[in-house]
Amino acid sequence: MTPAEPDEASDVHCRLDELLEARGLTLARLSELVGVSVVNLSVLKNDRARAIRFSTLQAICEALDCEIGDLLVRRPRRTT
């Protein structure tokens, strides 16, 4: 399998916005809880991340009391 090209649409969607809203948290507060910058969390939240460390993924899931599958979901590839 080859890596995704930078301009390819991702098949993975991050549900961070929805999970934060459901828990009454802000991105800034999550940043404090997990020790990841607001900028990096924003990149993840907006589906622009190309990679995520397992330790970061684990910390986010612990802070949000969710499973990885609650945070990251597959979505159909956009066709143009």
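**Pocket, salt bridges and backbone of the predicted model**

The second largest pocket has a volume of about 220 Å³. The structure described here is a predicted model. The lining of this pocket is drawn from Val-36, Asn-40, Leu-41, Val-43, Leu-44, Ala-49, Arg-50, Ala-51, Ile-52, Arg-53, Thr-56 and Ile-60. Two helices, H3 (38–45) and H4 (54–64), each contribute at least two residues to the lining. Helix H3 provides the largest share, four residues. By residue class, the lining of the second largest pocket comprises eight nonpolar, two polar and two charged residues.

Confidence in the model was examined next. The protein chain has a mean pLDDT of 89, with 84% of its residues at 70 or more. Strand S1 (residues 12–14) has a mean of 94 and is given as the element of lowest confidence, whereas helix H2 (residues 27–34), at 98, is given as the highest. Where pLDDT is low, the predicted coordinates should not be read in detail.

Side chains of opposite charge can pair when their charged atoms come close. In this model the count comes to four salt bridges, and three of them are described here, beginning with Arg-15 and Glu-18. The closest N and O atoms of Arg-15 and Glu-18 are 3.0 Å apart. Arg-15 counts as partly exposed because its relative accessibility is 24%. Glu-18 is likewise partly exposed, its relative accessible area being 38%.

A salt bridge also joins the side chains of Lys-45 and Asp-17, with an N to O distance of 3.7 Å. Lys-45 belongs to helix H3 and Asp-17 to helix H1 (residues 16–23), so this pair ties together parts that are 28 residues apart in sequence. With a relative accessible area of 44%, Asp-17 is partly exposed.

Helix H2 holds a further pair, Arg-29 and Glu-32, which form a salt bridge whose closest N and O atoms are 2.9 Å apart. The two residues are three apart in the sequence, about one turn of the helix. The partners fall into separate accessibility classes: Arg-29, with a relative accessible area of 39%, is partly exposed, whereas Glu-32, at 56%, is exposed. The class of Glu-32 follows because exposed means over 50% relative accessible area.

Backbone geometry was considered last. Most residues other than glycine have a negative phi, and most peptide bonds are trans. Asp-47 has a phi near 60°, a positive value in a residue that is not glycine. Asp-47 is located in the loop between H3 and H4. Its relative accessibility is 22%, so Asp-47 counts as partly exposed.

A positive phi, of about 50°, is also found at Asp-65, again not a glycine. Asp-65 is placed in the loop between H4 and helix H5 (68–71). With a relative accessibility of 67%, Asp-65 counts as exposed. In sequence, Asp-65 is 42 residues from Arg-23, while in space their C-alpha atoms are 9.4 Å apart.

How values were computed: Residues numbered from 1 in each chain as written. Predicted model: local features only at pLDDT ≥ 70, side-chain atom pairs only at ≥ 80, totals over all residues. Heavy atoms only, no water. 1 Å grid on protein atoms, 1.4 Å probe; cavity = no way out; pocket = protein on both sides within 12 Å on 5 of 7 lines; lining within 4 Å. Points joined across faces, edges and corners; volume = space filled by probe spheres on them. Nonpolar A, V, L, I, M, F, W, Y, C, P; charged D, E, K, R; others polar. Buried < 20%, exposed > 50% of the residue type's maximum accessible area, 1.4 Å probe, protein only. pLDDT = per-residue confidence, 0-100.
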